[in-house]
Amino acid sequence: MAENGEPVITIDNVSKFFGSFQALKDTSLKVTAGERVVICGPSGSGKSTLIRCINRLEKHDAGEIVLNGVVLGENKESIDAIRTNVGMVFQQFNLFPHLTVLENLTLGPTRARKMSADAAKQLAMQFLERVRIPDQAGKYPAQLSGGQQQRVAIARTLCMEPKIILFDEPTSALDPEMINEVLDVMVELAGTGMTMLCVTHEMGFARKVADTMVFMDHGEIVEISPPDKFFKEPESQRCRDFLDQILQH
Amino acid sequence: MVRVLVLVLAGLTLSGCSANWGWYVVDPTSDTGWSNLKFLLSGMYYTILLSVTAILISIAVGLLVALPGLSEKPLLRRLNQIYVELVRAVPILVLILWVYYGLPQVTGLGIGVFWAGVIALALSDSAFQAEIFRAGIQSINRGQYEAAHSISLNYVDTMRYVILPQAIRRILPALGNQLVYMLKMSSLVSVIGMSELTRKANELVVSEYRPLEIYTILVLEYLVLILIVSAGVRWLERRLNSGDQR
């Protein structure tokens, strides 16, 4: 399903340290436009760190990350590359609690993209409809359920019209009955050709949308393979053990 | 609050019947009493103007000083620390005297009583404001910065639209405290001749020789002023918190 062509993200031998702890060990990964990558692995394996390096929430210590041809570093060019390309959805939603849903959505477009208030509002309503909660526009985040909040967070990201969206365990903080409403939105999003990198343990979702499965353990990428192969015959023992554990029930 | 005030007033009025009190100096029904009362109240204007000007400046300076204190760069944090420690260590009265009598000699520029008072009060308070802002901003979850980063807000927009509105809500009680403190400390500016409440009372005491009654009125003036301010701050708190129910 993935289009062949130039990678939009190239992660080349990237390492990341937190003090003396090495969170990423020479990891390399290529993602092409429209590709849906699901990253899984035990906690502390570096999955979140890896995707957080892509929009520089973490700065990698060694190696190179190239985003649409721009090498990420401390310069305006790479900040712009991130700005125009990458959106992110967080485990804890991270909505702005003092702003209404609509204001959460329009803040980025009006301030960072310099859109007019009217245009931003139109855009916001369009995406609120996409995530199926246009009627909550005037409410504050605390008045919404977790599932609704995460959908607002997805809409907020979409309002920046990114080419790539990073999902950092988007359903891990949700009550079980709310997980599906968020996954449905993500499946729909996958259908639009969005490039997606998802850190998640939702293997049903992974089977449905992933073009590529990535398994990480101890800061290393252990396995990269298409989902058919990944779920049927994983190469490494570590990956087999992990899948056995999470697919047991 | 109002009940307390009424009780205090009733107590004072009753005690006025005993021989030790001479309420006639501020008796609004007599001509001299009325003009004395007006004289005392006329200090209200400068007390308020002085305090409000000083608090606005100290909030602005405090915020500017707090920001480097939150930086990842040790040098900037150090600058913040030095400012706070130095300014916090000078007693307000000493600062008022130094700014009024000392600063003109350093700068060669004459400085009015009012601005000397404002500068000294604002400077002194700014160190405390800086610490309040630093604490408030630090209390905001890291995820808020990350979300702001992920929708490409720059530093100024992140502070202005995301962090400060939340931080200010949290520090509002502390800011209210500082305003009350400022109103009280403005009385110290009387020593360099600012015609605010305390100075007016001192002047009247010199001519009328009734310190007990006049200073009692002075106490009541500050009390009323501060109760009004407290009510205002509480109203503001309610208003700002009505939106998000966390």
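Let me start with one pair of side chains, those of Arg210(B) and Glu213(B), which meet in a salt bridge with 3.1 Å from N to O. Please keep in mind throughout that we are looking at a predicted model. Glu213(B) is buried, its relative accessible area being 0%. As a general reminder, side chains of opposite charge can pair when their charged atoms come close.

A second pair in chain B is Arg199(B) with Glu203(B), where the closest N and O atoms are again given as 3.1 Å apart. These two residues sit four residues apart in helix α9 of chain B, and are therefore separated by about one helical turn. In general, an α-helix has 3.6 residues a turn, so residues three or four places apart point the same way. Arg199(B) is partly exposed, with a relative accessible area of 28%, and Glu203(B) also counts as partly exposed, at 33% relative accessibility.

There are also salt bridges that share partners, and these join Arg52(A), Glu58(A), Arg142(B) and Glu146(B) into one network. Over all chains, the structure holds 19 salt bridges.

One of those in chain A links Glu74(A) to Lys59(A), with 3.8 Å between the closest N and O atoms. What does this pair tie together? Glu74(A) belongs to the loop between β5 (70-71) and α2 (76-85) of chain A, while Lys59(A) belongs to the loop between α1 and β4 (62-67) of chain A, so the salt bridge ties together parts that are 15 residues apart in sequence. Glu74(A) is exposed, with a relative accessible area of 63%, whereas Lys59(A) is partly exposed, at 42%.

Since α1 has just come up, let me stay with that helix for a moment. In chain A, α1 covers residues 47-54 and is mostly covered, as seven of its eight residues are buried. The buried residues are Lys47(A), Thr49(A), Leu50(A), Ile51(A), Arg52(A), Cys53(A) and Ile54(A); Arg52(A), as you will recall, also takes part in the salt-bridge network that I described. Just after the helix comes Arg56(A), which takes a positive phi of about 60°.

Next, the contact of the two chains. How many residues does each chain bring to the contact? Chain B brings 22 residues and chain A brings 24. In general, the size of an interface is often given as the accessible area lost when the parts come together. For chain B and chain A, the area buried between them is about 2000 Å², with 59% of it on carbon and sulfur atoms. Between these chains the count is two salt bridges, and Arg111(A) forms a salt bridge with Asp157(B), the closest N and O atoms being 3.3 Å apart. The count of residue pairs in polar contact between chain B and chain A, with both residues at pLDDT 80 or more, is nine. If we look at the side of chain B that touches chain A, α7 (142-150) and α8 (155-185) of chain B each supply at least two residues of it. The largest share of that side, eight residues, comes from α7(B). By type, the residues on this side of chain B divide into seven nonpolar, eight polar and seven charged.

Finally, let me turn to the way chain B itself is divided. Domain 1 of chain B takes in 2-12 + 22-43 + 197-231, and domain 2 takes in 45-194. Taken over C-alpha atoms, the centres of the two domains are separated by 32 Å. In the contact between them, 10 residues of domain 1 of chain B meet 12 residues of domain 2 of chain B. The two domains bury about 920 Å² between them, 68% of it on carbon and sulfur atoms. How many salt bridges are counted between domain 1 and domain 2 of chain B? The count is zero, although across this interface there are five residue pairs in polar contact, both residues being at pLDDT 80 or more. On the side of domain 1 of chain B that touches domain 2, α9 (197-208) and α10 (211-241) of chain B each supply at least two residues. Of the elements contributing to that side, α10(B) gives the most, with five residues. The residues of this side of domain 1 divide into five nonpolar, four polar and one charged.

Terms used. Residues are numbered from 1 along each chain as its sequence is written. Chains are lettered from A and ligands numbered from 1 in the order in which they are written. This is a predicted model: local features need pLDDT of at least 70, side-chain atom pairs count only at pLDDT 80 or more; totals for chains, interfaces and linings use all residues. Side-chain values use heavy atoms; hydrogens and water are left out. Domain bounds come from an automatic or database domain assignment. Contact means heavy atoms within 4.5 Å. Buried area is the accessible area (1.4 Å probe) that two parts lose on being put together, summed over both. A salt bridge is a side-chain nitrogen of Lys or Arg within 4 Å of a carboxyl oxygen of Asp or Glu. A polar contact is a pair of N or O atoms within 3.5 Å; within protein, one must be able to donate a hydrogen and the other to accept it, and residues adjacent in sequence count only if both atoms are side-chain atoms. Ala, Val, Leu, Ile, Met, Phe, Trp, Tyr, Cys and Pro count as nonpolar, Asp, Glu, Lys and Arg as charged, and the others, Gly among them, as polar. Buried means under 20% relative accessible area, exposed over 50%, partly exposed in between (1.4 Å probe, protein chains only).
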